[in-house]
Amino acid sequence: MLPRPSLSLLPRFCSFLPFATMSSKTGTFHLQQPLNYRAGARIQPVDGSHNEEVYEPATGRVMGKFLFSGEKEVDLAVQSAKAAFKIWSQKSGMERSRVLLEAARIIRERREEIATMETINNGKSIFEARVDVDISWQCLEYYAGLAGAIAGQHIQLPGGSFAYTRREALGVCVGIGAWNYPFQIACWKSAPALACGNAMIYKSSPLTPISVVMLAEIFTQAGVPNGLFNVVQGGAATGQFLCQHRDVAKVSFTGSVPTGIKIMEMSAKGIKPVTLELGGKSPLIIFSDSVLENAVNGALMANFLTQGEVCSNGTRVFVQREILEAFTEEVVKRTQKIKIGDPLLEDTRMGALISRPHLERVLGFITQAKEQGAKVLCGGEPYVPDDPKLKNGYYMRPCVLGDCRDDMTCVKEEIFGPVMSILPFDTEEEVLERANNTTFGLAGGVFTRDIQRAHRVVAALQAGMCFINNYNISPVELPFGGYKMSGFGRENGQAAMEYYSQLKTICVEMGDVESVF
């Protein structure tokens, strides 16, 4: 299910980050404030009945509890957003731009605080969380730049008559996010929505409910009308109330395919437009003429970011037979060196998976792979760090599987964990057929020094986001989304503006009206 960081900023981080040998923050955070946000303030839902526990993946510790939102709370959030929409939609693009730029400035200012909270609630390394925060403020800056450029067309008609088009806001939009990039996904959805003049109600995953409320406070501080960005926390029932509310104009969802299907079904009853960014089982094709070091680096980036919990990951690594042995040897060696442990330490490169059930699910895939004939070349077992406070955390050693076949479950289904499957191939024609033999179509990549082959292969891949000689970079300027069951619609880039606006055509007659009657 989701986003994919761009790590182009990493070298800049390395030059000034202090090296730490211990974290005094791990295992200390306690949730005390409400996690709903309505009309410019944190609030408890008026009809919250179900208490949900929030865990810290690094320690397995319960940080606190929060209430799921019921139908009354959802309706109050929608009414609050409707009122704010009337104000916000009448502002010029330049006025909206200035507010988004101020929100981006505040995020930059609070970068370390937000990244730390994201790490505590998600389990990913602080190193990656900082990148997520930087991508977030860049997203707001990018759409601030587009807000003032929203325009229509003028079409000349016979006899001096003419027509013109207006691109208008939709109204109250709903964003439903995933747990792997909580803050970043909220920015990816809210920035284009607000730039186009919409209001947004956001529901985060119950596993990672904390950081999106920080974003809501930042928007308020930056100057959006109270209620323009509301947060309702909850599970499937809360999501259903949002999707089926008569005053919700659009739904944007990031998550699993089964949930995406339900979102689409519920939204269809109100003829609401939907953007779905769903799962993947993406192919990474490595030809024998590749620069081996680059191909290995690409494969690691395609599989092990955020503990492998990335929707676009290239988890089916097809390697041309001539370099299979050399590639596999190097990948295994590099994978075994990945530093696992306390995600708030500066030198950690792999933190904890999101939850105990998810860790067990991922380990179950590895057990099944072995039963079906795959060979575990490294990793694939639980990991217990030396630090006693981390002993109940959700850690595992990253896994590389060899002797894989296309019919294995580990090759066909999305694992969403640090598990790489290596598959040999011989010819370009063969590997393209195998690469496209999937119900998913989110991403794909190719490593080769033959530029003609590179473009030929990505043109043939049935995927919405393709990479040549790199993997898992996604600058906000580029549209992101999938083919087939990986969803439809696009996030990021100018394309996203089309999914948060609607087109109105106006026809102007400059002469007399003729009638056939």
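For sorting residues by class, Ala, Val, Leu, Ile, Met, Phe, Trp, Tyr, Cys and Pro count as nonpolar, Asp, Glu, Lys and Arg as charged, and the others, Gly among them, as polar. With that in hand, welcome to this structure, which is a predicted model. The protein contains 16 helices and 20 strands, and its C-alpha trace spans about 80 × 55 × 45 Å along the principal axes.

**Overall form**

- A compact globule of 517 residues would have a radius of gyration near 24 Å, and the protein agrees because its own value is 24 Å.
- The UniProt record, in an unreviewed entry, lists residues 51-506 as "domain: Aldehyde dehydrogenase".
- Over residues 51-506, helix accounts for 41% of the chain and strand for 20%.
- The C-alpha atoms at the two ends of that stretch lie 51 Å apart.

**Cavities**

- You can look for three cavities of 30 Å³ or more in the structure.
- The largest cavity has a volume of about 70 Å³.
- Its lining is made up of 14 residues, of which Pro283, Phe440, Gly441, Ala443 and Gln462 are the closest to the centre.
- Sorted by class, the lining of the largest cavity has seven nonpolar, five polar and two charged residues.
- The second largest cavity has a volume of about 50 Å³.
- Residues lining the second largest cavity include Gly280, Lys281, Gly308, Val310, Cys311 and Asn313. Further along the chain, its lining also includes Thr315, Glu414, Ile415, Phe416, Gly417 and Val419.
- By class, the lining of the second largest cavity has five nonpolar, five polar and two charged residues.

**A pair of helices**

- Two packed helices are described by the angle between their axes and the distance between the axes.
- Here, helix H4 covers residues 111-122 and helix H6 covers residues 182-195. Their axes come within 9 Å and cross at roughly 115°.
- On the H4 side, the contact is made by Ile114, Glu118 and Asn122, while H6 contributes Pro182, Phe183 and Gln184.
- The contact of H4 with H6 has three nonpolar, two polar and one charged residues.

Note on methods: Residues numbered from 1 in each chain as written. Predicted model: local features only at pLDDT ≥ 70, side-chain atom pairs only at ≥ 80, totals over all residues. Heavy atoms only, no water. 1 Å grid on protein atoms, 1.4 Å probe; cavity = no way out; pocket = protein on both sides within 12 Å on 5 of 7 lines; lining within 4 Å. Points joined across faces, edges and corners; volume = space filled by probe spheres on them. UniProt positions renumbered as here; feature names shortened; annotations may be inferred. Helix = DSSP H or I, 4+ residues; strand = E, 2+ residues; numbered from the N terminus. Axes fitted to C-alpha atoms, helices over the stretch in contact; angles between N-to-C directions. Contact = heavy atoms within 4.5 Å. Rg over C-alpha atoms; globule rule 2.2 N^0.38 Å.
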